[in-house]
Structure formats: C-alpha cells, structure tokens
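Here is a short set of exercises to work through with the model open beside you. Try each task before you read its solution.

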Amino acid sequence: MADKYFANKSELTKYRVKNIVIKTLLYAFLTIFALFMLTPFLFMVIGSFIEGAAFEKFTLYADFSQLGFEHWSFENYIKVFATTYLDNLGNTVTRPSFAQYFLNTFIVAISSTAVTVVTAVLASFAFARLEFKGKDLLFTLLLATMMIPGEMMVITNYQTTIMLNWKFTFSALILVHGVSVFYIFYLRQTFQQIPNELYLAAKVDGVGDIGYLMKVMVPIAMPTIMTIVILCLMGSWNSFIWPTLVANGNWAVGKSLFGINYDMRLVSNGLMSLFSSEIAKGQDSVKIAGSMVVTAPLFVFFICFRKYIMSGVSRSGIKG
C-alpha cells in the first residue's frame, strides 16, 4: 500500500529502516523509563518479605545472597499489625492495631467521597443548565479560589474545626473538604457537552430538574463521575497533613459509647508512626512492610478502575 507514495524501492527501504530505528529507540527509552519508575516499588515488595537481619546485611553490605527465599517470611507484616512493640529503649508498649487505621481511613474515604460527589454533581448541574443572576460571576469567583494554595487554607479550616468543636472527630475529616472547585469545573465541562435539547424535551414531558439530572445527565456523565470518585478516594487515602492536625488523638465519642480510647489516626499517620518512634531502630524491613500495606490497596484499586479514568479524561475533551 505504501509503495505508491515513493518513487523507487530504495526510498521505500530507507523509510522503513528509519521507521524501525525510531520505534526501536522510542521503545527502548520507554522501557528504561518504566524500569526506572518500577525499581523502587519492586525493592519495596521484595524488602517487605526479607527478615530484619538479612535485610540489614543486604542494605549495608550489598550482600545479594540475603535475597534468597530462605530469608523470606511474613514476620514483617505480623509486626505491622501487632498491637505491642518494642520501643527504642527495649520497653514493651501497646499501640492500636494497624487494622483500626484502615477502618478509620475506609470510613473517611467513602464518606468524604460521597459528600464531594454530591456537591460536585449538584453545583455542576446548576452552573451548566440552570439560569440565574450572577451565575457567570459566581463561577468565576469559584475558579479564582483555585489560584489559592491549599496550604493557605489550613489555618482557617483548623480554626473553623476548633470553633465547631470538631477536633478528633470524623466530621472534621469528612465535611471540611467536602467541596472541590476543581471537580465542579471538571464535571461542568462534561455536563455542558450534553445537548440542551434533551433538557428542553424533558421540560416539555414534565420532568423536573432533579429527575432530568438523575435520569439523563448523571448516566451520560458516569465516566467523569467515576473519575472523580477514584481521585477522591485516592486523595483521602493519601491525606496526611490535615489528619495530622485534627485526628492525631482519641475520639471522645468512642470513649463515652464504648469505654475505650479510640485512636482517630488514618493509615498515613499510622505509617508515619512506624518511621518515628513506635518501631525500634534497625527494623527497616518492618517499615517497608508498613509502606507496602498502605500502598498495595490503592495500587490494586487503581489497576482495577484505571479504564474509568481514561474514559473520563477522553470524554472531557470531546464535543457533542
């Protein structure tokens, strides 16, 4: 098929050779880049299974014989989920189970994602379809807030949390960040691509705004909504600074209802405790196992739902 575009076979041969060389260099570069990105993750996976003494010999003396399967065990993971540990002075100390941190993170991630999606859907529908005075000005002001770094809002949000007596509660973790201007803007772009004739036809048939939103717009925009859900879950799972400020303590309600000191920390804060004082010195393999425990669920979740992110991104750039 390509022969007709070239004057002779020599030009065709040169073109094919050039094409093969370019593709070979491109794939070689991508392969090297992928290995560069995956090497730390592979090191984390392998190191999480190696016993403490063998891991120390490997890291200090580059003794690759310590990577044999005879040195592999689940001891590091058992220590991560254990409720007792030896501190740096050799004393036995009791701490909350890492499973409790997972439960807290699961509750916060699901609840905050639900609140964020609801507010994003309603606000995006209002800005995309409804007509009211000052709509464009209000939307412009919302977009302007995206120019403000999130770190600048931490003090204000913290003062609001203290004023509402929400410190060391799930409300501070769920409701404070329940509105995202970026997700509103992102979903509004998708809603605007839906023909307005559908909205007018629904009005003629007597369908209300909420009915049209739930029966027409939400199903059409489901790839974008799923993208928002995934990004929200990932953001909640990886959140560190805000939980450290408002959830680095015990839940008062847990004490009054269950008579226990219910630790409010999330997995990110629990992981940080492994890197500070809760695990004795020389147990780096336990810390790597903790990193693996926190990273693995998010990695599996992303692999399972990555197609929704791709479909949502591709749809947001298509008109009609």
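**Exercise 1. Find what share of the contacts between residues at least 6 apart in sequence join residues at least 24 apart, and then describe the chain as a whole.**

Step 1. Contacts in the protein chain between residues at least 6 apart in sequence are the starting set, and 70% of them join residues at least 24 apart.

Step 2. Keep in mind that this is a predicted model. Its secondary structure comes to 15 helices and four strands.

Step 3. Next comes burial: of the 320 residues in the protein chain, 35% are buried.

Step 4. Finish with the surface. The accessible surface of the chain is about 19300 Å², and carbon and sulfur atoms account for 70% of that area.

**Exercise 2. Work out which residues touch the most other members of the largest nonpolar core, and which elements build this core.**

Step 1. The largest nonpolar core holds 27 residues, and Phe191 and Ile225 are the ones that touch the most other members.

Step 2. Two or more residues of this core come from each of helix 4, helix 8 (181-192), helix 9 (196-204), helix 10 (209-220) and helix 11 (222-238). Helix 4 gives the largest share, eight residues.

Step 3. Now look around Ile225. Leaving out residues up to four places away in sequence, Ile225 touches Val117, Val121, Leu187 and Val218.

Step 4. There is also a second, separate core, made of 19 residues, with Val80, Tyr101, Val286 and Val293 among them.

Step 5. For background, nonpolar side chains tend to be buried together in soluble globular proteins.

**Exercise 3. Decide whether Thr113 is buried or exposed, and describe its surroundings.**

Step 1. Locate the residue: Thr113 lies in helix 4, which spans residues 98-128.

Step 2. The relative accessible area of Thr113 is 5%, and buried means under 20%, so Thr113 is buried.

Step 3. Follow the side chain. From Thr113 it reaches the backbone oxygen of Ala109 at 2.6 Å.

Step 4. List the contacts. Apart from neighbours within four places in sequence, Thr113 is in contact with Val108, Val229, Cys232, Leu233 and Ser236.

**Exercise 4. Identify the residues of the nonpolar surface patch of about 810 Å², and check the exposure of Tyr27.**

Step 1. The patch is made by Leu26, Tyr27, Phe29, Leu30, Phe33, Phe36 and Met37.

Step 2. Tyr27 sits in helix 1, residues 9-49.

Step 3. The relative accessibility of Tyr27 is 52%; because the cut-off for exposed is over 50%, Tyr27 counts as exposed.

**Exercise 5. Asn165 and Phe168 are not glycines; find their phi values, place them in the fold and compare their exposure.**

Step 1. Asn165 has a positive phi of about 60°. Phe168 also has a positive phi, again about 60°.

Step 2. Asn165 belongs to the loop between helix 6 (154-163) and helix 7 (170-174). Phe168 is likewise found in the loop between helix 6 and helix 7.

Step 3. With a relative accessible area of 65%, Asn165 is exposed, while Phe168 at 26% is partly exposed.

**Exercise 6. Count the salt bridges, and sort the partners in three of them by burial.**

Step 1. The count comes to four salt bridges. As background, side chains of opposite charge can pair when their charged atoms come close.

Step 2. Take Lys135 and Glu131, whose closest N and O atoms are 3.5 Å apart. Lys135 is buried at 11% relative accessibility, whereas Glu131 is exposed at 70%.

Step 3. Move on to Asp209 and Lys203, where the N to O distance is 2.9 Å. Asp209 is partly exposed at 25%, and Lys203 is partly exposed at 39%.

Step 4. Close with Arg265 and Asp263, which meet at 3.0 Å, N to O. Arg265 is buried at 13%, and Asp263 is buried at 7%.

Terms used: Residues numbered from 1 in each chain as written. Predicted model: local features only at pLDDT ≥ 70, side-chain atom pairs only at ≥ 80, totals over all residues. Heavy atoms only, no water. Buried < 20%, exposed > 50% of the residue type's maximum accessible area, 1.4 Å probe, protein only. Polar contact = N/O pair within 3.5 Å; in protein donor to acceptor, adjacent residues only side chain to side chain. Contact = heavy atoms within 4.5 Å. Patch = residues over 30% accessible without salt bridge, like charges linked within 9 Å, V, L, I, M, F, W, Y side chains within 5 Å. Areas by Shrake-Rupley, 256 points an atom, 1.4 Å probe, with all protein chains shown as cover. Salt bridge = Lys/Arg side-chain N within 4 Å of Asp/Glu carboxyl O. Core = buried A, V, L, I, M, F, W, Y, C linked by side-chain atoms within 4.5 Å.
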